4 protein chains.
Amino acid sequence: MQPTEHWVEELLKLNDQEEKMTDKQMRIIQSAVEIFSEKGYAASSTSEIAQKAGVAEGTIFRHYKTKKDLLLSIVAPIMSKLIGPFIIRDFTKVIDAPYTTYEDFLRAIIRNRLDYARSNLPVLKILMQEIPFQEDLKKQFKELATKQVVSRIIKVVELYQQKGTVITVPPLSIIRFMISVIFGFVMTLLIILPEAEWDENEEIELTIQMIMHGIAHPASDPA
Amino acid sequence: MQPTEHWVEELLKLNDQEEKMTDKQMRIIQSAVEIFSEKGYAASSTSEIAQKAGVAEGTIFRHYKTKKDLLLSIVAPIMSKLIGPFIIRDFTKVIDAPYTTYEDFLRAIIRNRLDYARSNLPVLKILMQEIPFQEDLKKQFKELATKQVVSRIIKVVELYQQKGTVITVPPLSIIRFMISVIFGFVMTLLIILPEAEWDENEEIELTIQMIMHGIAHPASDPA
Amino acid sequence: MQPTEHWVEELLKLNDQEEKMTDKQMRIIQSAVEIFSEKGYAASSTSEIAQKAGVAEGTIFRHYKTKKDLLLSIVAPIMSKLIGPFIIRDFTKVIDAPYTTYEDFLRAIIRNRLDYARSNLPVLKILMQEIPFQEDLKKQFKELATKQVVSRIIKVVELYQQKGTVITVPPLSIIRFMISVIFGFVMTLLIILPEAEWDENEEIELTIQMIMHGIAHPASDPA
Amino acid sequence: MQPTEHWVEELLKLNDQEEKMTDKQMRIIQSAVEIFSEKGYAASSTSEIAQKAGVAEGTIFRHYKTKKDLLLSIVAPIMSKLIGPFIIRDFTKVIDAPYTTYEDFLRAIIRNRLDYARSNLPVLKILMQEIPFQEDLKKQFKELATKQVVSRIIKVVELYQQKGTVITVPPLSIIRFMISVIFGFVMTLLIILPEAEWDENEEIELTIQMIMHGIAHPASDPA
DNA sequence: AATGAATGAGGCTTCATTCAT
DNA sequence: AATGAATGAAGCCTCATTCAT
């Protein structure tokens with residue numbers, strides 16, 4: 001097993017407040033994340049997790065009542081971070097600054113999401129795989145996505161629409177468009193073509209440009 | 001079990017050329033697709049599939065050597081259609097027509113992909129779920145995606161770049177951008193918010209507009 | 001394993017009407033009865049049963065969904081016989097005969113119950129052990145006991161009370177008394193002191209006498 | 001957990017002489033009795049007992065080497081009381097009194113056993129359940145039953161046979177008869193139909209009457 | 001081709017018991 | 001004395017797969 005990974009710290013941050021995690025518990029979580037993300041939840045066996053963690057199989061069940069409990073304890077806390085208050089503080093500040101452009105806003109989101117995804121890749125893979133099958137996760141996800149993410153971004157979009165920076169089409173369509181592009185960007189960089197050598201910053205700027213101005217050549221664009 | 005679904009016909013088209021499918025075989029495939037897409041491949045049991053199909057447990061293994069064989073027989077043929085020569089014939093024609101705009105091209109792709117996805121939703125769900133875990137699928141997917149899709153679209157993009165319609169940035173970035181938006185659009189319509197009442201055509205036009213011109217208000221746009 | 005036992009035939013009689021039992025299924029039942037009655041249901045393991053029956057453990061679960069199912073399939077059908085229509089036909093005849101004495105009635109019951117218990121000893125042991133813990137059994141038992149046994153005996157008792165043969169105290173108390181004595185008699189013979197050499201017929205007659213006239217010496221009995 | 005029950009005091013009486021019981025030990029015993037009697041020994045888990053007692057899992061094993069040890073420590077001491085010297089002292093006195101009738105003797109026994117059973121119901125349930133499966137218990141039980149109970153009652157019976165009060169049949173048969181009736185009486189009152197509203201004293205007198213004179217109507221009784 | 005009983009490996013989970021603290 | 005984390009054997013059950021019919 002590799003040395004403690006970044007997402008382990010993330011999980012610890014979330015849990016430490018409530019209870020201390022023992023060393024073994026940490027190793028269980030770490031192994032579970034690796035194996036779940038590699039083979040999928042249903043195809044992973046608790047015995048394999050125990051073995052990789054170097055604990056007895058029974059030990060897993062002392063800490064997590066069921067295998068599904070183990071899954072949720074990994075995936076549920078990450079969800080709030082994934083979706084939740086992404087740098088809301090900096091975020092709001094940025095928006096309030098009078099000279100902040102919409103491009104800056106996009107740049108901040110993309111950077112933030114990219115860094116976050118990079119640090120939590122295995123857990124995010126698990127989450128994406130399991131959301132369709134775990135009713136609890138699906139529900140939680142939808143709620144967070146609606147109440148936390150969309151509702152907040154809507155305000156930003158509307159703000160810039162009022163400022164005259166953004167076209168006045170339904171904000172939801174704009175958000176769908178933005179999220180698609182950003183999600184596709186992150187996926188491509190980290191999962192689909194991770195081995196390709198991207199000039200990350202350049203791609204970010206290009207992406208921002210395409211979100212803002214599309215791919216039509218200005219000269220040919222009478223609109 | 002519902003009456004024969006659309007994707008069954010699709011599968012039949014692909015297989016009929018090689019062998020005739022018996023009635024039972026068809027029922028097996030149909031049940032398998034439904035169950036796999038509902039619970040995921042690993043969490044589905046062959047006995048449940050047999051039961052739903054109304055055949056004996058052993059019958060499945062007379063037609064498909066293993067459970068994985070059954071999966072591949074469902075998912076592999078669809079891949080060529082999914083990714084492959086999407087109406088390339090009509091496609092090329094369209095492009096060649098001198099008055100065809102890039103917007104028309106986008107419109108054709110979006111419509112085609114949306115219709116295709118709608119008709120094959122369960123199988124596509126399975127495919128998306130299993131690609132990360134089945135090495136064969138992943139490889140096949142990457143190859144098809146590169147050789148069939150990207151390489152063809154690149155030509156179109158380059159063509160329009162030469163025409164001066166599309167900005168001259170790396171075509172791959174443009175394609176990533178386009179695919180992200182289209183994929184996000186289809187997913188939203190069919191999976192994420194299927195119950196929402198979309199004005200489909202309007203959303204398509206809006207999407208095309210955003211791909212072409214972005215979301216920046218023209219007035220505010222000095223570039 | 002011993003050759004097919006009597007209670008196996010009993011079980012078969014009850015089940016054959018519905019479905020044929022395979023050879024393996026019979027061996028499973030036989031082993032289960034032996035092991036359950038020897039160590040108790042909760043302390044018996046399905047693997048031990050499978051081993052004794054000479055089948056794979058999985059085979060048990062092809063025929064009985066759960067371990068408890070196996071228990072019930074053994075114990076539930078016996079209950080109707082145990083409690084149910086004990087030779088009701090002969091029974092009613094006997095009673096109707098004008099010259100039948102109450103002693104004859106007792107003699108018939110005792111003989112019948114003793115023979116029945118002797119033939120089904122292991123299953124009856126299991127039943128007695130599990131009734132307190134299996135809610136379904138307890139309920140079924142109470143219902144059968146009340147509706148089938150008590151209600152029928154009550155009629156007989158009342159008949160003989162009218163005839164002036166039996167004292168006119170609450171029939172329920174008489175029945176409790178009779179059942180206690182008979183149950184205690186059977187238990188002693190078959191379970192508590194099976195190795196003692198009883199002169200069975202003599203003990204039966206003695207028991208009938210005590211039920212009818214008690215243990216007080218007539219001479220000393222002014223009542 | 002309810003306040004200390006009667007049978008706890010009983011157990012304490014028996015153990016105090018040897019060692020002092022700590023508070024935790026008492027709570028362990030109390031919980032064990034409740035759980036054993038509710039689900040049966042084999043189906044009860046030490047961890048549940050620990051939890052109900054409010055002690056750590058390990059604590060049980062500090063006081064009782066094994067789970068079976070715990071069972072025996074509950075059930076073995078009760079056995080001497082159950083079976084043993086049931087108020088033998090008063091008992092002998094009673095008998096010796098010249099005017100004591102056999103009915104008084106029966107009345108004393110029934111009352112005593114009923115009260116005793118009522119006070120120790122849970123432990124007695126455990127005992128009855130486990131005697132068939134625990135060889136040590138079975139042996140101890142048989143020995144006590146023979147040496148303490150039967151041998152003593154035999155003397156009483158023989159005494160009254162000499163007095164001419166009791167019929168001269170084998171004392172063992174009389175004892176079996178008596179014990180059956182008394183046991184059945186207590187079981188019915190406390191376990192089989194506890195919710196029925198019995199007039200206890202009346203039932204006792206009726207039971208004594210039936211033991212002494214049976215259920216035959218005197219008039220019809222030429223013997 | 002089809003069946004479905006049979007298999008046995010492996011899955012998740014429970015449990016009595018131990019031991020370092 | 002007490003704790004409770006840890007163990008690993010064992011328990012019940014599921015499942016993909018085989019094979020005689």
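A polar contact here is a pair of N or O atoms within 3.5 Å. Please keep that cut-off in mind, everyone, as we start with the DNA. With that rule, B:Lys24 is a nice opening case: a polar atom of the B:Lys24 side chain sits 2.6 Å from a phosphate oxygen of DNA strand E. Before going further, a reminder that this is a predicted model, and the distances I quote are computed from that model.

Let's stay with strand E. What else touches its phosphates? B:Thr59 does, with a polar side-chain atom 2.5 Å from a phosphate oxygen of DNA strand E. From chain C, the side chain of C:Lys24 places an N or O atom 2.8 Å from a phosphate oxygen of DNA strand E.

Stepping back, there are 33 residues around DNA strand E, and those that come nearest are A:Lys67, B:Lys24, B:Thr59, C:Thr59 and D:Thr46. By class, the surface near DNA strand E holds 6 nonpolar, 18 polar and 9 charged residues. Looking from the DNA side, 62% of the strand E atoms within 4 Å of the protein belong to sugar or phosphate, while the rest belong to bases.

Which helices build that surface? At least two residues each come from helix H3 (46-53) and H4 of chain A, H4 of chain B, H4 of chain C, and helix H3 (46-53) and H4 of chain D. H4(B) gives the most to the surface near DNA strand E, at 5 residues.

Now over to strand F. Here 32 residues surround the strand, and the closest are A:Thr59, B:Lys67, C:Lys67, D:Lys24 and D:Thr59. The residues of the surface near DNA strand F split into 6 nonpolar, 18 polar and 8 charged. Of the strand F atoms within 4 Å of the protein, sugar or phosphate accounts for 62%, with bases making up the rest.

D:Thr59 reaches the backbone of this strand: one of its polar side-chain atoms lies 2.5 Å from a phosphate oxygen of DNA strand F. The bases are reached as well. A polar side-chain atom of A:Arg62 lies 2.8 Å from a base nitrogen of DNA strand F, and for D:Arg62 the distance from a polar side-chain atom to a base nitrogen of DNA strand F is 2.9 Å.

As for the helices by strand F, H4 (57-63) of chain A and H4 (57-63) of chain D each supply at least two residues of the surface. In chains B and C, helix H3 (46-53) and helix H4 (57-63) each do so too.

Let's leave the DNA and look at how chain A meets chain B. How many residues does each chain bring to the contact? Chain A brings 46 residues and chain B brings 47 residues. Together they bury about 3,900 Å², with 65% of it on carbon and sulfur atoms. On the chain A side, A:Ile167, A:Arg176 and A:Ile215 supply 19% of the area that chain A buries against chain B, more than any other three residues.

There are polar links across this interface too. Chain A and chain B share 17 residue pairs in polar contact, with both residues at pLDDT 80 or more. The elements of chain A that give two or more residues to the side touching chain B are helix H2 (23-39), helix H10 (171-192) and helix H11 (200-213). H10(A) gives the most to that side, with 11 residues. Sorted by class, the side of chain A that touches chain B has 24 nonpolar, 15 polar and 7 charged residues.

On to salt bridges. The count between chain A and chain B is 3 salt bridges. One pair to click on is A:Glu195 and B:Lys142, whose side chains meet in a salt bridge at 4.0 Å, N to O. Over all chains, the count comes to 49 salt bridges. Coming back to our pair, A:Glu195 lies in the loop between H10 and H11 of chain A and B:Lys142 lies in helix H9 (residues 135-163) of chain B, so the pair joins two chains.

Last stop, the aromatic rings. Over all chains, the structure holds 14 aromatic pairs. How do D:Tyr102 and D:Tyr160 pair? Their ring centres are 5.0 Å apart and their planes are at 80°, so the pair is edge-to-face. D:Tyr102 sits in helix H7 (residues 102-119) of chain D and D:Tyr160 in helix H9 (residues 135-163) of chain D, so the pair links distant parts of the chain, 58 residues apart. Thanks, everyone!

Key:
Residues are numbered from 1 along each chain as its sequence is written. Chains are lettered from A and ligands numbered from 1 in the order in which they are written. This is a predicted model: local features need pLDDT of at least 70, side-chain atom pairs count only at pLDDT 80 or more; totals for chains, interfaces and linings use all residues. Side-chain values use heavy atoms; hydrogens and water are left out. A residue is near a molecule or strand if one of its heavy atoms lies within 4 Å of it. A polar contact is a pair of N or O atoms within 3.5 Å; within protein, one must be able to donate a hydrogen and the other to accept it, and residues adjacent in sequence count only if both atoms are side-chain atoms. Helices (H or I, at least four residues) and strands (E, at least two) are DSSP runs, numbered from the N terminus. Ala, Val, Leu, Ile, Met, Phe, Trp, Tyr, Cys and Pro count as nonpolar, Asp, Glu, Lys and Arg as charged, and the others, Gly among them, as polar. Contact means heavy atoms within 4.5 Å. Buried area is the accessible area (1.4 Å probe) that two parts lose on being put together, summed over both. Rings of Phe, Tyr and Trp (its six-membered ring) pair if their centres lie within 6.5 Å; planes under 30 degrees apart count as stacked, over 60 as edge-to-face and the rest as tilted.
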